[in-house]
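Let us walk through this protein together, starting from its enclosed space and working outwards to its sheets. Keep the viewer open as you read.

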Amino acid sequence: MLSLDHLAISAETLEAGMAAVEERLEVRLSPGGRHAAMGTHNRLLRLGPGLYLEVIAIDPAAPAPGRPRWFDLDRFAGPPRLTNWIARCDDLDAALARAPSGSGRPIELARGDLRWRMAVPEDGRLPFDGLFPALIDWQGAAHPAGLLPETGCRLAALELHHPRADDLRLALRGLIDDPRIALHQAPAPALRALIDTPSGRRALE
């Protein structure tokens with residue numbers, strides 16, 4: 001069984017992503033770090049126990065990773081937006097065996113005290129136009145949410161909109177059961193998160 005782990009806001013630059021999220025939620029993001037294996041960097045926001053949001057962008061100071069970056073960031077363009085959700089599992093290989101083709105291959109990663117295995121697609125593109133979750137398996141007890149300051153922000157709902165909503169629902173069946181996640185039939189793929197903040201409920205799209 002999978003658990004909702006974090007949400008990814010992609011941006012052309014980290015500064016643009018930070019500004020967009022902080023203006024929308026009226027909270028400050030916390031420092032994240034760099035991912036040398038992917039040539040990316042991020043900023044983070046706690047959304048409660050075991051759950052957080054990351055703003056992620058290509059790190060202009062990092063060398064090219066020699067492979068497509070995760071979350072299809074090599075092809076990202078436009079204003080910052082919610083592009084992906086990430087689900088946690090205890091057995092990444094078993095989860096991948098039940099996931100759709102193209103969900104990725106496990107990569108060993110580390111940043112500071114954090115250690116994790118993550119499935120990254122060969123072309124950077126996750127199934128269902130990125131609406132199938134990226135799969136992550138944290139190694140050890142350390143988790144980003146536990147290292148972040150409390151902000152009073154909580155995820156109220158995560159909406160998945162897709163032309164093949166029924167197929168996506170079938171792909172997720174038996175893998176995750178979270179009442180905050182809702183699937184909707186729509187003409188084009190889109191993600192929308194409703195987040196309760198100290199200033200009220202806000203939407204990130």
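**A cavity, a pocket and two sheets**

Fifteen residues make up the lining of the largest cavity, and those nearest its centre are His6, His35, Tyr52, Glu54 and Trp116. Here the search runs on a 1 Å grid over the protein atoms alone: a cavity is a set of points where a 1.4 Å probe fits but cannot get out, a pocket is an open set with protein on both sides within 12 Å along at least five of seven lines, and lining residues have an atom within 4 Å of a point. The model is a predicted one, in which local features need pLDDT of at least 70 and side-chain atom pairs count only at pLDDT 80 or more, while totals for chains, interfaces and linings use all residues. Residues are numbered from 1 along each chain as its sequence is written, and side-chain values use heavy atoms, with hydrogens and water left out.

The structure holds one cavity of 30 Å³ or more. The largest cavity contains about 120 Å³ of space, where a volume is the space filled by probe spheres set on the grid points, and points are joined across faces, edges and corners. Which strand gives the most to this lining? It is S7, with three residues. At least two lining residues come from each of S3, S4, S7 and S8 (134–138); strands (E, at least two residues) and helices (H or I, at least four) are DSSP runs, numbered from the N terminus. The lining of the largest cavity divides into ten nonpolar, three polar and two charged residues, with Ala, Val, Leu, Ile, Met, Phe, Trp, Tyr, Cys and Pro counted as nonpolar, Asp, Glu, Lys and Arg as charged, and the others, Gly among them, as polar.

Now look at the sheet that holds these strands. It is open, has eight strands in the order S2-S3-S4-S1-S5-S8-S7-S6, and its pairing is mixed; two strands pair if DSSP finds at least two bridges between them. Strands S2 (30–35) and S6 (105–111) are at the edges with a single partner strand each, so one side of each has no neighbour in the sheet. From one strand to the next, the twist averages 30°. At one end, S6 and S7 (residues 114–120) pair in the antiparallel sense over seven bridges, and Pro106 has Ala119 in S7 as its bridge partner. Helix H1 (residues 14–25) packs on this sheet and touches S1 (3–10), S3 (40–46) and S4 (52–58), its direction making about 150° with that of S4. Contact means heavy atoms within 4.5 Å, and angles run from 0 to 180 degrees between N-to-C directions of axes, which are lines fitted to C-alpha atoms, for helices over the stretch in contact.

Next comes the other sheet, also open, with four strands in the order S10-S9-S11-S12 and mixed pairing. Its edge strands, S10 (181–185) and S12 (200–204), each pair on one side only. S9 (residues 154–162) and S10 pair in the parallel sense over five bridges, and the bridge partner of His161 in S10 is His184. Helix H4 (residues 165–172) packs on the sheet, touching S9 and S10, with its direction at about 150° to that of S10.

Finally, turn to the largest pocket, with about 410 Å³ of space. Its lining has 18 residues, with Asp72, Arg81, Thr83, Asp129 and Gly130 nearest the centre. S5 (81–88) and S11 are the elements that give two or more residues to this lining, and S5 has the largest share, four residues.
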